[in-house]
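The following exercises concern the spaces in one protein model and the residues around them. Each task is followed by a solution in steps.

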Amino acid sequence: VTGWQWDASLFAGTAPHYRAGRMAYPPALADAFRDALGLDGRGRLLDLGCGPGSVTIPLAPLYEQVVGLDADAAMVDQARAAAADAGVRDVEWVVARAEDLPQDVGSFRTVTLAQSFHWFDRPRVAGLVRERLDPGGALVHVQAMTHRGEAPGGDLPAPPHDEVDALVRRYLGQERRAGASTLPAGTPGDEAEVFRGSGFDGPERFPVPDDRGPLERGEDEVVSAVLSLSWAAPHLFGDRLEAFVGDLRAVLRATAPDGRFAERAPPVALDVWRPVER
Ligand SMILES: C[S@@+](CC[C@H](N)C(=O)[O-])C[C@H]1O[C@@H](n2cnc3c(N)ncnc32)[C@H](O)[C@@H]1O
C-alpha cells in the first residue's frame, strides 16, 4: 500500500469478531475451484492472509495438504478452532507475514489470496508466489466482500451500513484508520497491473454460483461484522469501545427493534492468474 506501513495492530482484536460476524463464502466455492483449476486431489494449497480460515477450510478436501498463513496470531487461533469444528485436519497453520514466506514452506499447486492482497507489499509477494508455484500451478485472487451485503428484498431490513459508517467516523475521525496510521484513499485495487508486472498472465474469471438468497443476520453478527473491520478494530476505540458498541446497538435497533436483519452476500469470483512461460 503506497505510503502506508503495515504494523501488527492492523487486525488486532478482530479475529473472534471476524469468525462470528462475516458472511460465509458460498457453499459452491470448493466446486468452483475444482472446476476452474481441474483439481484431482493432488498437490498443495497455500492461502496467504487466511484470517480465520474462511477459504482455507472449505478448500482443504481438494488437496493433499493445505497451508494457511496469516500475520495475526489470533486469526490463526480462530482458524485452528474453525478447522477442528469442521473436522478438517491436515492443515498447517503459519503465523508470518506473507512478505516473509518461509523458505522451507515447499511448493504449491494453488496459491489463494482472499481479501488480503491489498494489505501486502504486492510486487514482493506476487514474486514470491511465482517462485513457489508447481509447473502448471495457478494463483487465484478471490474477488469477495464478506462484511457488507446488498439489499435483501423481503421482510427483514438490511443493516443500516451508512449510519454505522457515520458512527465509526464520529468516534475515529473522517480518515480511514489502518493499524497505527490512516489510509485516506483506501487500499489499492489495481492488482491486475501488479500481477502482470510480476510475470503472471490473466485473469481468467470464474463466477462462484450462490443460491443462498438473503442471509438472515442477527444484531450480534452485525456488531461483530463491524468490529471485524481493520478500520473499526476494537483497539482503535481504546476505553471508548463499550460506549461505541452501545451506540452501535442503538443505531441497529432503530432499524430493527427485534435485532433481525437480512442481506445478500455480494457476488464472489475467482480470478485465475498463471505464470508466463519463462
Ligand atoms: C480481510 S482478512 C481476509 C481473511 C480471509 N482470507 C477471508 O477472505 O475471509 C485479511 C487478512 O490478511 C491478514 N494480513 C494482513 N497483512 C498481512 C501480511 N502482510 N501478511 C500476512 N497476512 C496479512 C490479516 O491479518 C487478515 O487476517
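For the classes used below, Ala, Val, Leu, Ile, Met, Phe, Trp, Tyr, Cys and Pro count as nonpolar, Asp, Glu, Lys and Arg as charged, and the others, Gly among them, as polar. The model is predicted.

**Exercise 1. Describe the largest pocket: its volume, its lining and its occupant.**

Solution.

Step 1. The volume comes to about 880 Å³ for the largest pocket. Its lining consists of 46 residues, and those closest to the centre are Phe11, Gln115, Ser116, His118 and Trp119.

Step 2. Sorted by class, the lining of the largest pocket comprises 25 nonpolar, 12 polar and nine charged residues.

Step 3. Two strands, S2 (65-70) and S5 (133-143), each contribute at least two residues to this lining. The largest share comes from S5, with three residues.

Step 4. The ligand takes up the space of the largest pocket.

**Exercise 2. Determine which residues surround the ligand and which polar contacts Arg97, Ala98 and Ala114 make with it.**

Solution.

Step 1. There are 21 residues around the ligand, and Tyr25, Gly49, Ser54, Asp70 and Ala114 come nearest. The shell divides into 12 nonpolar, five polar and four charged residues.

Step 2. The cut-off for a polar contact is a pair of N or O atoms within 3.5 Å. In the side chain of Arg97, an N or O atom is 3.5 Å from a nitrogen atom of the ligand.

Step 3. Two further contacts involve the backbone. For Ala98, a backbone N or O atom and a nitrogen atom of the ligand are 2.9 Å apart. For Ala114, a polar backbone atom is 2.8 Å from a nitrogen atom of the ligand.

Step 4. Is the ligand mostly buried or exposed? Taken alone, the ligand exposes 600 Å², and the protein buries 98% of that area.

**Exercise 3. Characterise the second largest pocket by volume, lining and contributing elements.**

Solution.

Step 1. A volume of about 260 Å³ is found for the second largest pocket. Of its 17 lining residues, Met23, Ala24, Tyr25, Gly53 and Ser54 are the closest to the centre.

Step 2. The elements that give two or more residues to this lining are helix H1 (15-21) and helix H3 (56-59).

Step 3. By class, the lining of the second largest pocket has 11 nonpolar, four polar and two charged residues.

Step 4. Two of the residues closest to the centre, Tyr25 and Ser54, are also among those that come nearest to the ligand.

**Exercise 4. How many cavities of 30 Å³ or more does a search of the whole structure find, and which residues line the largest cavity?**

Solution.

Step 1. The search finds one cavity of 30 Å³ or more. The volume of the largest cavity is about 40 Å³.

Step 2. The lining of the largest cavity is formed by Met23, Ala24, Tyr25, Pro26, Met145, Thr146, Arg212, Ala265, Pro266 and Val268.

Step 3. In this lining, eight residues are nonpolar, one is polar and one is charged. Met23, Ala24 and Tyr25 line the largest cavity and are also among the residues closest to the centre of the second largest pocket.

**Exercise 5. Locate the cis peptide bond and the positive phi value of a residue other than glycine.**

Solution.

Step 1. The cis peptide bond joins Gly202 and Pro203, with omega about 0°. Pro203 belongs to strand S8 (residues 200-208).

Step 2. Asp90, a residue other than glycine, has a positive phi near 60°. Asp90 lies in the loop between helix H4 (73-86) and strand S3 (91-95).

Methods
Residues numbered from 1 in each chain as written. Predicted model: local features only at pLDDT ≥ 70, side-chain atom pairs only at ≥ 80, totals over all residues. Heavy atoms only, no water. Near = heavy atom within 4 Å. Polar contact = N/O pair within 3.5 Å; in protein donor to acceptor, adjacent residues only side chain to side chain. Areas by Shrake-Rupley, 256 points an atom, 1.4 Å probe, with all protein chains shown as cover. 1 Å grid on protein atoms, 1.4 Å probe; cavity = no way out; pocket = protein on both sides within 12 Å on 5 of 7 lines; lining within 4 Å. Sits in = over half its atoms within 2 Å of the grid points. Points joined across faces, edges and corners; volume = space filled by probe spheres on them. Helix = DSSP H or I, 4+ residues; strand = E, 2+ residues; numbered from the N terminus.
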